[in-house]
Amino acid sequence: MSLDEREQFLQDLMDGRLDAHSDEAQARFEKDHELAREWRELVQITQSLSAGRQFERDVLAEALASRAAADSASGKRDRELVAEAFTKAARSALGASEVPRAGRNAGGVRGRRAWLASSAAAACLVVLAASWALGAFDRPPPEDLGALGELSPSGVAESFELFRWTIDSSATASFTIEVRATVAVGEGEVLAVESGLPDTEWRPAPTYDSSTWPDSISWSVTAYDATGGMIDTDAAVCRRRGR
Amino acid sequence: MRRLLRLMGGDASETPFEQDVQLARDAAAQKPGAIDKLTDRLACVPTMIRAIARRSSISFHAGEVDDMAQNTLIAVWQRLDSFEGRAPLEQWVLGFARFEIRNGLRRRDRDRRLQTEEVTEAPQEQPSGMSSDAYVLLLEKVEELTPPAPEIVRLYALDGVKFDVIGRRLGMPGNTAKTIYHRSLSRLRAKLPADFWEELA
């Protein structure tokens, strides 16, 4: 089998034009063990990417959920740790950009001026950082940001032409909606995604042609505040009544 | 995690998370209030590190988590200007956290090797399930592919975006995106070292 034929064969398998368990594929694997190995490894890469995708989703969901505990002792401690890291990074960035290399080594007037300037800047930064940190401790506890309510359609639906949701929050600035062909929430092929929606409803644009979507979908909506912080997310599964 | 892209009706240069980009730029410029907002948004980073570690069955003591969180955040700070808003800020930061954990594991292995020269052999951590280490390695290799392959692999394999949508976004036929994706898998296979396959075995 030439290199081109090998590549075409593997591409057919990846595209699903050829079933890896078919007699034709199995016969080729039997003849060419290296080809069989290559296919196994390609499958493993695909599976690893897929598993990694789920892994990242789970990690992010857990991390975002931790915001609900911002008031707790551990939440406050984590915030302090983040503030401290940024202070360090800002100080270090200032040191790298403001202190001229010549000033460190030459010891001349220019160098002393640079040293004085950078020392003054560093001192200012320390004062700023201290006042910022004190401000952080004085900050009022985060308010309850609100929650998404009913999502429609949910369950059996006549069509997928209008998606609506409610939210109990005054902080909401925008929504992102995602629709998937589905077997379970969060899984399946993405059919549509829209970000920056200002209202609590969305009609798929004609380009989406929602009438061609599969009969079972899941959809989710995420509410964001004006800073882009997530307020809440919710999802629904629905099935279009038999056509 | 919510999808990252506005899939229809947008051009390739669009940044769906424009507000996050603005926040990153304001924080980098140390504008009043911006660092505070960034701190609120990224206060979840220590939890992120703990979650990655726990889900990979790796145990870190509290001091190690703090160190890795701080290193992650310092790296994020240094790269704030490069954030393009193609994903939410937290997802972008997750990439830094992954790499920092990998570095943390390498440091630990090195320290253990040094210790075992003096003390009796310490038990090695054996992550189970989806190893964060293998996954990070895989993503590193994805990034080494020739553009636009890394973006196509990320969009298709990690974000579940269809090839025709990827094609529209990148200004190419969907079938071309699919071909690039499949060739990329073969190139990834060639790039992955033996220990990747050992981890999966």
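**Entry 1: helix H8 of chain B**

For these notes I take a helix to be a DSSP run of H or I covering at least four residues, numbered from the N terminus. I am working from a predicted model, and I keep that in mind for every entry below.

With that meaning of a helix in hand, I looked at the end of H8(B) and found that B:Gly171, placed just after the helix, takes a positive phi of about 70°. I then went back into the helix itself, which spans residues 163–170 of chain B, and listed its buried residues as B:Phe163, B:Val165, B:Ile166, B:Gly167 and B:Arg169. The neighbours against which these buried residues pack are helix H7 (149–158) and H9, both of chain B.

**Entry 2: the interface of the two chains**

H9(B) came up again when I turned to the contact between the chains, where 64 residues of chain B touch 63 residues of chain A. The area buried between them is about 6,200 Å², and carbon and sulfur atoms account for 60% of this. I counted 10 salt bridges between chain B and chain A, and the example I noted down is the one joining A:Arg79 to B:Asp36, with the closest N and O atoms 3.2 Å apart. For polar contacts across the interface, the rule returns 11 residue pairs, with both partners at pLDDT 80 or more. On the chain B side, helix H9 (residues 174–191) supplies the largest share of the touching residues, namely 9. By residue class, that side of chain B divides into 33 nonpolar, 19 charged and 12 polar residues.

**Entry 3: salt bridges, one by one**

Over all chains the count comes to 25 salt bridges, and I went through several of them. A:Glu38 pairs with A:Arg6, the closest N and O atoms being 3.0 Å apart. Since A:Glu38 belongs to helix H3 (residues 33–65) and A:Arg6 to helix H1 (residues 3–15) of chain A, the pair ties together parts that are 32 residues apart in sequence. I asked myself whether A:Glu38 is buried or exposed. A:Glu38 has a relative accessible area of 12% and is therefore buried, the limit for that class being under 20%. A:Arg6 counts as buried as well, at 16% relative accessibility.

The A:Glu38 and A:Arg6 pair also has a wider setting, for a network of salt bridges links A:Arg6, A:Asp32, A:Glu34, A:Arg37, A:Glu38, A:Glu41 and B:Arg189.

A:Arg17 gave me another case: its side chain meets that of A:Asp12 in a salt bridge of 2.8 Å, N to O, while A:Arg17 itself is exposed, with a relative accessible area of 55%.

In chain B I checked B:Glu144 and B:Lys141, whose closest N and O atoms are 3.7 Å apart in their salt bridge. The two residues are 3 residues apart in helix H6 (residues 132–144) of chain B, so about one helical turn separates them. In an α-helix there are 3.6 residues a turn, so residues three or four places apart point the same way. B:Glu144 is partly exposed at 44% relative accessible area, whereas B:Lys141 is buried at 16%.

**Entry 4: a buried glutamate**

I looked next at B:Glu100, which is found in helix H5 (residues 89–116) of chain B. At 9% relative accessibility B:Glu100 counts as buried. Which residues does B:Glu100 touch, not counting residues up to four places away in sequence? I found B:Met68, B:Asn71, B:Thr72 and B:Arg107.

**Entry 5: strands of chain A**

My last entry concerns strand pairing, which in any sheet runs through backbone hydrogen bonds, either parallel or antiparallel. In chain A I traced an open sheet of 3 strands in the order E1-E3-E6, with antiparallel pairing. Its edge strands are E1 (147–152) and E6 (201–202), each of which pairs on one side only. E1(A) and E3(A), the latter covering residues 163–168, share 4 bridges, and within this pairing A:Leu148 has A:Ile167 as its bridge partner.

I then turned to strand E4 (residues 172–181) of chain A, which has 8 of its 10 residues buried and is therefore largely enclosed by the rest of the structure. E4(A) pairs in the antiparallel sense with E7(A), residues 216–225, over 9 bridges, and there A:Thr172 stands opposite A:Asp225. E4(A) also runs antiparallel to E5(A), residues 190–197, with 5 bridges joining them; in this pairing I noted A:Val193 as the bridge partner of A:Glu178.

Note on methods: Residues are numbered from 1 along each chain as its sequence is written. Chains are lettered from A and ligands numbered from 1 in the order in which they are written. Side-chain values use heavy atoms; hydrogens and water are left out. Two strands pair if DSSP finds at least two bridges between them. Contact means heavy atoms within 4.5 Å. Buried area is the accessible area (1.4 Å probe) that two parts lose on being put together, summed over both. A salt bridge is a side-chain nitrogen of Lys or Arg within 4 Å of a carboxyl oxygen of Asp or Glu. A polar contact is a pair of N or O atoms within 3.5 Å; within protein, one must be able to donate a hydrogen and the other to accept it, and residues adjacent in sequence count only if both atoms are side-chain atoms. Ala, Val, Leu, Ile, Met, Phe, Trp, Tyr, Cys and Pro count as nonpolar, Asp, Glu, Lys and Arg as charged, and the others, Gly among them, as polar. Buried means under 20% relative accessible area, exposed over 50%, partly exposed in between (1.4 Å probe, protein chains only).
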